[in-house]
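Got your viewer open and a selection tool at hand? Let's take a walk through this one stop by stop, picking something to click on each time.

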Amino acid sequence: MVDKLVDDLLTGPRPVDLVANFSSLLPAAVICDFLGVPFPDRDRFGGWILTLTQHDATAEQQAGAFGNLFEYMDALVAAKEAEPTDDLLGQLADVQIRQGELTRQEVVVIGLLLLSAGFDTTASSIALGVVSLLDNPSQLDRLRRDPSLVQPAVEELFRHQNTLQFGVGRVAVEDVELGGRLIRAGEGVILLTPSGGRDEKAYPRPDELDVGRQGPDPMTFGHGIHNCVGKFLARVELQVAIGTLVRRIPGLRLAVPAAELSYRDNSLVYSPRELPVTW
Ligand code: HEM
């Protein structure tokens, strides 16, 4: 999939918007393929998901978007119950609903959760990762010269960036002292995981991007027993996307100064709105 997208970039006009033509397409194509959701519908369901994550959407707009998304997924699962397909939703519909393990509504909610959690986050991480590398030419050059660094480089990009603009909530089950403060059983804490990624006690020179950094796992996907179920997929997507871009388009560079990029800052998922690049 990544090679096909890069083929299209290489034969298309320059400069090109890497968000519209690469970073937003790959995770949508992957999750659609994996779940069995039609890729051509991406603008429709993508628009509803965007409304759900937008801070300035009204409650009515969000309820409307959720209703549309639910109806869409319900119809899709019903179609897969009638005619099973060889994908995750098809298998859930065929085996789990038929055997009474899951209800239709449960399968619809699983589908919605995976679809909405699975593509905008990864798309934004790819775009933010490319910006960070293009903005740090010495690190980009290290990665170009040593492609085996792609795995630590992606972990470093996850640490360094700030994809998710929300805190992960937890409730203390017993009294615990944290950072000199007593949190009593039953009290809540909201953990700002991107801030953890810049903790100088865990990561020396935390603001610097270092593609060879060996440090604790980034908190991008949460922490502890309950964390992101899609982290393995997201990691592979970034490794392949970034590794292939760096290998196949060695002259890749921003077509505008980095300071001129505009960011989606009214959403749970932070991302450049557009990423004009050339080579
Ligand atoms: C770079 C991309 C991604 C980031 C930054 C990300 C981050 C997160 C975070 C911080 C959580 C909350 C964990 C917690 O409650 O402590 C989460 C939950 C979740 N993520 Fe991801 N995620 C990404 C990609 C994906 C992908 C590709 C999928 C699906 C294939 C996915 C599916 C989910 C689901 C279903 C949950 C909810 C799990 C639950 O509450 O039981 N995520 N993600």
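Start by selecting alanine 123, which you'll find in helix H8. Keep in mind as you look around that this is a predicted model. Is alanine 123 buried or exposed? There are 24 other C-beta atoms within 10 Å of alanine 123, so it counts as buried. Now add Ser23, Ser24 and Pro27 to your selection: alanine 123 touches these three, leaving aside residues up to four places away in sequence. Click phenylalanine 22 as well. Along the chain it is 101 residues from alanine 123, yet their C-alpha atoms are separated by 8.6 Å.

Stay with H8 for the next stop, the nonpolar core. The largest one has 49 residues, and H8 gives the largest share of this core, with seven residues. Which residues have the most contacts inside the core? Highlight Leu18, Val77, Ile126, Ala127, Val130, Ile242 and Leu275 to see them. Then zoom in on isoleucine 242. Not counting residues up to four places away in sequence, isoleucine 242 touches Ile126, Gly129, Val150 and Val154.

Val154 leads on to helix H10, so select residues 150–160. Why call H10 largely enclosed by the rest of the structure? Because eight of the 11 residues of H10 are buried. To see them, colour Ala153, Val154, Glu155, Glu156, Leu157, Phe158, Arg159 and His160. Next, show what lies over them: the cover for the buried residues of H10 includes H8, helix H9 (137–145) and H12.

Now for the ligand. Display the 21 residues around it, then pick out Ala117, Gly118, Gly222, Cys228 and Gly230, which come nearest. Which helices each supply at least two residues of the shell? Helix H7 (104–118), helix H8 (120–134) and helix H12 (231–248) do. H7 gives the most to this shell, with four residues. Try colouring the shell by residue type: you should get 11 nonpolar residues, 10 polar and no charged.

Time for some strands. Select E1, E9 and E6, which form an open sheet of three strands in the order E1-E9-E6, with antiparallel pairing. The edges are strand E1 (16–17) and strand E6 (253–254), each of which pairs on one side only. Look closely at E1 beside strand E9 (residues 276–278): two bridges link them in the antiparallel sense. Click aspartate 17, and you'll find proline 276 of E9 standing opposite.

Just before E1 there is a backbone detail to look at. Proline 15 has its place in the loop between helix H1 (2–11) and E1. The peptide bond that joins arginine 14 and proline 15 is cis, with omega about -10 degrees.

Another backbone detail is at arginine 205, in the loop between helix H11 (193–196) and H12. Arginine 205 is not a glycine, but its phi is positive, about 45 degrees. Is arginine 205 buried or exposed? It has 9 C-beta neighbours inside 10 Å, so it counts as exposed.

One more residue before we zoom out: leucine 191, in strand E5 (residues 188–191). Leucine 191 has 14 other C-beta atoms within 10 Å, so it is partly exposed. Select Gly167, Val168 and Arg170 too, as leucine 191 touches these, again not counting residues up to four places away in sequence. Between leucine 191 and arginine 170, the distance is 7.8 Å from C-alpha to C-alpha, with their positions 21 residues apart in sequence.

Finally, clear your selection and show the whole chain. How many helices and strands are there? You have 12 helices and nine strands in view. The radius of gyration is 20 Å, close to the 19 Å that the globule rule gives for 279 residues, so the chain is as compact as a globular protein of that length. Turn the model along its principal axes, and the C-alpha trace spans about 60 × 55 × 35 Å. Of the 279 residues, 30% count as buried. Switch on contacts with a separation of 6 or more, and 66% of them come from residues 24 or more positions apart.

Note on methods. Residues are numbered from 1 along each chain as its sequence is written. This is a predicted model: local features need pLDDT of at least 70, side-chain atom pairs count only at pLDDT 80 or more; totals for chains, interfaces and linings use all residues. A residue is near a molecule or strand if its C-beta atom, placed from the backbone, lies within 6 Å of it. Ala, Val, Leu, Ile, Met, Phe, Trp, Tyr, Cys and Pro count as nonpolar, Asp, Glu, Lys and Arg as charged, and the others, Gly among them, as polar. A residue is buried if 20 or more other C-beta atoms lie within 10 Å of its own, exposed if 12 or fewer, and partly exposed in between; C-beta atoms are placed from the backbone. Two residues are in contact if their C-beta atoms, placed from the backbone, lie within 7 Å. Two strands pair if DSSP finds at least two bridges between them. A nonpolar core is a set of buried Ala, Val, Leu, Ile, Met, Phe, Trp, Tyr and Cys residues joined through C-beta atoms within 7 Å. The radius of gyration is taken over C-alpha atoms; the globule rule is 2.2 Å times the number of residues to the power 0.38.
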